[in-house]
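User: I should like a close look at a single part of this structure, explained for a first-year student. Please define each term when it is used.

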Amino acid sequence: EIYKQIVDEGHNTGNHTHHHLNGWKTNTAAYLEDVANATTYIPSNLFRPPYGRIKQLQAKGISEAMKNKSAKIIMWDVLSGDFDESISKEKCLSNVIDKTTNGSIVVFHDSEKALPLLKHALPATLEFYTKKGFDFRAI
């Protein structure tokens, strides 16, 4: 129900592997099998490699693993750090504000671990960039 609501509200979703695998530490066959497994739950043409790490052979196999010829690998350029329980909410926000430029893709996480920092940094980021005239679009 939550997934359907996300899609119905106009958000895009993407494959992120089934077990959050680090491409640099996983052999290609196992990695692509895990991507294929996630595809059974997430019908999307978008793929974001966990940790931003993927081997060239893995990247070449993404379309086949996702059974989607229009599959696109989406990378990020700004990491909020919301998963890092050792940083403050202000540091999480500054990680984004100090590094984001027009066209940036910023990573925030929707996990219990990230929630305390996310609840502060995401709304503050949206407010900051909205006031500067930026808009936000689904990929």
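The request concerns phenylalanine 134 and its surroundings, in the segment after helix H5.

User: Where does phenylalanine 134 lie, and what does phenylalanine 134 touch?

Analyst: The model is predicted, so local features need pLDDT of at least 70 and side-chain atom pairs count only at pLDDT 80 or more, while totals for chains, interfaces and linings use all residues. Residues are numbered from 1 along each chain as its sequence is written, and side-chain values use heavy atoms, with hydrogens and water left out.

Phenylalanine 134 is found in the segment that follows helix H5, which covers residues 115-131. Helices here are DSSP runs of H or I with at least four residues, strands are runs of E with at least two, and both are numbered from the N terminus. With a relative accessible area of 29%, phenylalanine 134 is partly exposed. Under the scheme used, buried means under 20% relative accessible area, exposed means over 50%, and partly exposed lies in between (1.4 Å probe, protein chains only).

Setting aside residues up to four places away in sequence, phenylalanine 134 touches Thr101, Asn102 and Tyr129. A contact of this kind means heavy atoms within 4.5 Å. By comparison, alanine 59 is 75 residues from phenylalanine 134 in sequence and 31 Å from it in space, C-alpha to C-alpha.

The contact with Tyr129 leads to the aromatic rings. The structure holds three aromatic pairs. Rings of Phe, Tyr and Trp (its six-membered ring) pair if their centres lie within 6.5 Å; planes under 30 degrees apart count as stacked, over 60 as edge-to-face, and the rest as tilted. One of these pairs joins phenylalanine 128 to tyrosine 129, edge-to-face, at 4.8 Å centre to centre and with 85° between the planes. The ring centres of tyrosine 129 and phenylalanine 134 are 5.0 Å apart and their planes stand at 70°, so this pair is edge-to-face. Ring pairs thus link Phe128, Tyr129 and Phe134 into a cluster. Within the cluster, tyrosine 129 is buried because its relative accessible area is 4%, whereas phenylalanine 128 counts as partly exposed at 32%.

Charged side chains complete the picture. Side chains of opposite charge can pair when their charged atoms come close. A salt bridge is defined as a side-chain nitrogen of Lys or Arg within 4 Å of a carboxyl oxygen of Asp or Glu. The structure holds three salt bridges. One of them joins the side chains of lysine 131 and glutamate 127, at 3.0 Å from N to O. Both residues belong to helix H5 and stand four residues apart, about one turn of the helix. Lysine 131 is exposed, with a relative accessible area of 67%, while glutamate 127 counts as partly exposed at 46%.

Another salt bridge brings together the side chains of aspartate 135 and arginine 137, at 3.1 Å from N to O. Aspartate 135 is partly exposed, with a relative accessible area of 49%, and arginine 137 is exposed, with 70%.

In summary, phenylalanine 134 is a partly exposed residue whose ring pairs edge-to-face with that of tyrosine 129.
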